[in-house]
Amino acid sequence: MGARYFGAAVKRLEDPKLITGRGQYLDDIAMPGVLHVAVVRSPHAHALINAIDTSMARGHAGVVAVLTADDLGEMARKPMPMMAPAPMVKTPLTQSPLAHGSVHYVGEAVALVVAESRAVAEDAAAMVMVDYDPLPAMVDLAHALNEGAAVANQALQSNLAGTLKGGFGDVAGVFSKAAHVFKESLSLHRGGCHAMECRGVMARPDPSGNRIDIWSSTQSPYMVRRALALCLGMDEASVRVTAPDVGGGFGPKAVVYAEDYAIPMAARHLGRALKWVEDRGEHFVATTQQRDQLWELEVAADAQGRMLGVRGHCLHDNGAYLPYGVVLPVTSMSSFPGPYALEALEISIDVIYTNMVPNTPVRGAGRPNTCFVLERLADRVARELGISREDVRRRSFVQVSQFPYETGMKARDGSPVSYDSGDYVQCLDLAVAKFGSDFKARQDKARAEGRYIGMGIASYVEDTGLAPYEGATIRVQPNGKVLLLTGAAAQGQGHKTVFAQIAADQLGITPQDITVEAGDTSLFPLGIGTIASRVAVTGGSSVHMAAVETRAKAIKVASQVLEAQEADLVLEGGFVKVSGTDRQVSLGQLALMLHGNFGQPLPAGIAPGLSATAFYEARQTTFANGTNLCEVEVDIETGAVKILRYVVAHDCGTLINPMLVDGQIRGGVVHGIGNALFERMIYDENGQPQTTNYGEYLLPLATEMPRIEIVHMESPSPRNPIGVKGAGEGGTIPAAACVISAIEDALSPFHVRLGSHPLSPQDLVELIDRG
Amino acid sequence: MSELDHAQTTRHISVTVNGTVYERDVLTRTHLGDFLRQELGLTGTHLGCEHGVCGACTIILDGQPIRSCLMLAVQANGATIRTIEGLAQADGTLHPVQEAFWDKHGLQCGFCTPGMVTTLAAVLEADPTLDETAIREAISGNICRCTGYETIVDAALQAASRMRGDH
């Protein structure tokens, strides 16, 4: 049986309800009797809480309760568990569901106001009087470790949470013998999640107090269930968490937040259904952000421009807490050496506490950071040696003969990082071919006309399919339709469609015959979450395994029913058929038989149900790769940057649905363009956020974005049964590096050197004037 | 009167939404988006920023695409409104813009989609000859974090072609 749906651009099963306004996002769910919550948040970046006076708010008409950490019991005052424990951190800080005694960033949750409407709750939130004692705030990453620097938390002696060190090879030897060594100072700036749907939590306690239903706009409903069951001392079966339609995730919605704890706690305390929906103003101060890093690096290269070694140091801002441990600096670290076959590497990353919004992965996690610094170094080598940026990369890449390639680095579990497959040179060449060979001539011509165009380039490798597992159940129903249940919920990626495609081919049916249910902990026992470009690998492989097993069972039973050899049976059009005959039995009939009937034993050796459950365990990582090229024009008078073209050559292994992969790439690239040119989360010296609306914080708009031309390579991964690699972040990882590379190229006549992003028009005009 | 006393003031309004006339007493401070979602249960209109930039809450009011978060419900008294729920025909036939969004993968998470679709339906019904530049301009007040806009533009171009009868 050849693949029919796997690999095809199948239109999404998710879409009909979403294009007609019938989606059910968290705030759309009808919940009779629900009360509305507004969160009182800290207006200070760092302060002690002396007292909270809730009397005026409680007296306001329509207010049901005002709750502080003192009202909700010990668990509301205890720091939340770190989602990825980090033993290397001497003073691990996480916030408590509601602040207790002190606050450490503007936006930290302090109290809940529960009222009959959200408007009334917000009115009353302004009446909660919190007596704060402000303390000095730490917002200056560059000087965070200086003597006398303000500390971000009184529990700390220093702002240093810990230092990560990594590397391999004879660094001193490589640098001393290298023909060239270049130094760079580089920096990256934080951006936010900015899913168009903000976060939200709704909780409905059972009147008995023994059960609770929770809805959260989350990427990880199972993590919410685990956290709440442990915190509330309840059985996991009594805590049902549903991720309804989720309007974008991009990483920050994978965190179990203060509100994920506080709203269910308050609902149990009051015995009422409660709903909190984050508004956009809150999103800027209460949803995690990411990317602030300051780097000092050196690269060693040989006379031909092959990069031999990199060493450097990074100051990594993690904000006020470590909700996800040190996963960000760890992903930055383990993303070295990127696509390059370095002989030696030595990196240290100081993880710093500041009084800004806590940091957790935003699309790409620490990877775009490492990509940016490596690509800046590669461009530097090319410029200094007078050879093309493409050639520096071709010469420095891991070569095709080297796979599987152990980079010398260690993964999170301590195992060696080993790239599985690909051809980085060929992928770059595909991008170059698509881009065309006439750029230099056009650039010269444009410059003669006083126009400044530039070409950018960036290459990357991305670890995808993160451990440990996802799972899926496939169950044929007596009506012949198939239920596919999984823990791997989506936030727009189209999991239902691709999972149905994978299963349909095995079962000889169409994707439309399959109902996929995901993200409801009552429907599937275990799950991890949709993060780290991991679900095509883990969820997709699980679906494949469950479908293969279901198919085998159908054939086994049908061979008895049809009195035929298993080898002669095929699955087609919802039937198991004896090939070359008209003898057949429908999947529905087989399912009915295996569902069983009173007093009638099932066939010998056959377990009940035409169904199978499989868990794919990702014991080895798969690595996607690609090269991006873009063309920009810079107006040297205004500093405006226009992206004229953007080309992506991308290899994420076998494609399940090329249309959806292209969608992931395009959206990812545009996120990276936002990081390069638009998105600025500015804090003043007191830790007050200055960009808390979409007039001040700019996101990419349709008028500024280019068309994105995509070329696919498919190097199947040998490490999972369907050959796939993740595609969710590969667009974002190189995009900022690519755009910055192009701007620097455009402005080369002015000797402008770029080592940071975002770059505003004002920044560029200043650099041009200085150059 | 204090600000909070004003919060209790109501007015009677009559609006026609997706062909149905609704008579309601509304708090004067309720914005139109909240009114549609909370009073009429039309939750297809999404609130993305509530400060008039993201465009998710766009509806068609007397033929114009407008942001329902920037208008008070009382200001809509007497108006005729179409929301995302009212774009398909009664028999379920999709509006050409809806159809094209499905065909061209013009949505991922779907949250900005109602605002995108209503904006494009309004501008293309007024002028189906819009080119790519004009379409990008038309949705420049609608933020999408998922798609990078390209497939939305492609969907709009397909819809425009069908609405012109080009096929």
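Which are the buried residues of α2(B)? They are Leu32(B), Gly33(B), Asp34(B), Phe35(B), Leu36(B) and Arg37(B), where buried means that 20 or more other C-beta atoms, placed from the backbone, lie within 10 Å of the residue's own (12 or fewer is exposed, in between is partly exposed). Welcome to this predicted model, in which local features need pLDDT of at least 70, side-chain atom pairs count only at pLDDT 80 or more, and totals for chains, interfaces and linings use all residues. Residues are numbered from 1 along each chain as its sequence is written, while chains are lettered from A and ligands numbered from 1 in the order in which they are written.

**Chain B as a whole**
- Chain B has 6 helices and 5 strands; helices (H or I, at least four residues) and strands (E, at least two) are DSSP runs, numbered from the N terminus.
- Read from the N terminus, its elements follow the order α-β-β-α-β-β-β-α-α-α-α.
- Its radius of gyration is 17 Å, close to the 15 Å that the globule rule gives for 167 residues, so chain B is as compact as a globular protein of that length; the radius is taken over C-alpha atoms, and the rule is 2.2 Å times the number of residues to the power 0.38.
- Along the principal axes, the C-alpha atoms of chain B fill a box of roughly 55 × 30 × 25 Å.
- Of the 167 residues in chain B, 54% are buried.

**Helix α2 of chain B**
- This helix spans residues 32-39, and 6 of its 8 residues are buried, so it is largely enclosed by the rest of the structure.
- The cover over those buried residues includes β1 (10-17) and β2 (20-27) of chain B.
- After α2(B) comes Gly41(B), with a positive phi near 70 degrees.

**A sheet in chain A**
- Here 3 strands form an open, antiparallel sheet in the order β4-β2-β6; strands pair if DSSP finds at least two bridges between them.
- At the edges are β4 (102-103) and β6 (129-134) of chain A, each pairing on one side only.
- Strand β2 (residues 47-53) of chain A is joined to β4(A) by 2 bridges, and Leu48(A) stands opposite Ser102(A).

**Around Tyr469(A)**
- Tyr469(A) lies in strand β19 (residues 469-476) of chain A and is partly exposed, with 19 other C-beta atoms within 10 Å.
- Beyond its neighbours within four places in sequence, Tyr469(A) is in contact with residues including Ile528(A), Thr538(A) and Phe615(A); contact means C-beta atoms, placed from the backbone, within 7 Å.
- Tyr616(A) is 147 residues from Tyr469(A) along the chain, yet their C-alpha atoms are separated by 5.5 Å.

Conventions
Two residues are in contact if their C-beta atoms, placed from the backbone, lie within 7 Å.
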